[in-house]
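Okay, thanks for making time, everyone. I'd like to walk through one model with you, so let me put it up on the screen.

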Amino acid sequence: MIHAESRHEYIEDGEKAMTDAGLTDEEKDMIRRLDWIGLVRYGANFFVLEKYARVVKTPNLVVYALMRGQTFEEFMQTRQVPGMR
C-alpha cells in the first residue's frame, strides 16, 4: 500500500491483491471484515492499519471506535468534543 499503483490494484481487485501479497485465508478474512482489533491482536502494526483505513475510506475515529467495540456515536460520547454530548 506504499505505492499508489498498489493501492489502485487493491481497490480494483482486493482479492487478487491479497492473494498476490501471500496473505493467508485468516488474514484475508480479517481484512474483508475490517476487523481492526483482530488485526492488531494478530500483530498488524497499528500505524499501518491507519494508512490502510485511508485506502478503504474509513476515518480514523471510526477505526478507534470499532477497536473499542463501540459505534462511532458511542465513541464520540467518550470524547470531550464541544457539541457532541
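Let's start at E27: leaving out residues up to four places away in sequence, E27 touches G22 and Y42. Keep in mind that this is a predicted model. E27 is found in helix α3. The Y42 side of this involves a polar contact, with the side chains of E27 and Y42 joined at 2.8 Å.

Now, what is the nearest side chain of opposite charge to E27? That's K28, and K28 is 8.4 Å away. E27 is buried and has no salt bridge. For those of you setting up charges, that's the residue I'd like you to look at on screen.

Let's widen out to the whole helix. Which residues of α3 are buried? They are E27, K28, M30 and I31. Looking down the axis of α3, the buried residues fall within an arc of 160°, so they line one face of the helix. As a reminder, an α-helix has 3.6 residues a turn, so residues three or four places apart point the same way. The cover over the buried residues of α3 includes α1 (4-12), α2, α4 and α5. And just after α3, L34 takes a positive phi of about 50°.

I31 also takes us to the core. The largest nonpolar core has 13 residues, and Y10, I31, W36 and Y52 are those with the most contacts inside it. At least two core residues come from each of α2 (14-20), α3 (25-32), α4 (36-42), α5 (46-55) and α6 (60-67). Which helix gives the most to this core? That would be α5, with four residues.

Let's stay with W36 for a second. If you set aside neighbours within four places in sequence, W36 is in contact with L49, Y52, A53, V56, T58, V63, L66 and M67. So the tryptophan is worth clicking on if you have the model open.

On to the charged pairs. How many salt bridges does the structure hold? Four. One of them joins the side chains of E15 and R32, at 2.7 Å from N to O. E15 lies in helix α2 and R32 in helix α3, so this pair ties together parts that are 17 residues apart in sequence. E15 counts as partly exposed, at 36% relative accessibility, and R32 is also partly exposed, at 44%.

Next, there's a salt bridge between the side chains of D20 and K16, 2.6 Å from N to O. These two are four residues apart in helix α2, so about one helical turn separates D20 and K16. Is D20 buried or exposed? Exposed, with a relative accessible area of 55%, whereas K16 counts as partly exposed at 46%.

Then there's a little network: D29, R33 and D35 are linked by salt bridges. Within that network, R33 forms a salt bridge with D35, where the closest N and O atoms are 3.4 Å apart.

Last stop, R41, over in helix α4. Why does R41 count as exposed? Because its relative accessible area is 68%, and the cut-off for exposed is over 50%. R41 and T71 are 30 residues apart in sequence, and from C-alpha to C-alpha they are 20 Å apart in space.

To circle back to where we began: E27 is buried and has no salt bridge, but the side chain of E27 does have that 2.8 Å polar contact with the side chain of Y42.

Methods. Residues numbered from 1 in each chain as written. Predicted model: local features only at pLDDT ≥ 70, side-chain atom pairs only at ≥ 80, totals over all residues. Heavy atoms only, no water. Core = buried A, V, L, I, M, F, W, Y, C linked by side-chain atoms within 4.5 Å. Buried < 20%, exposed > 50% of the residue type's maximum accessible area, 1.4 Å probe, protein only. Contact = heavy atoms within 4.5 Å. Lys, Arg positive; Asp, Glu negative; His and termini not counted. Polar contact = N/O pair within 3.5 Å; in protein donor to acceptor, adjacent residues only side chain to side chain. Arc of directions from axis to C-beta.
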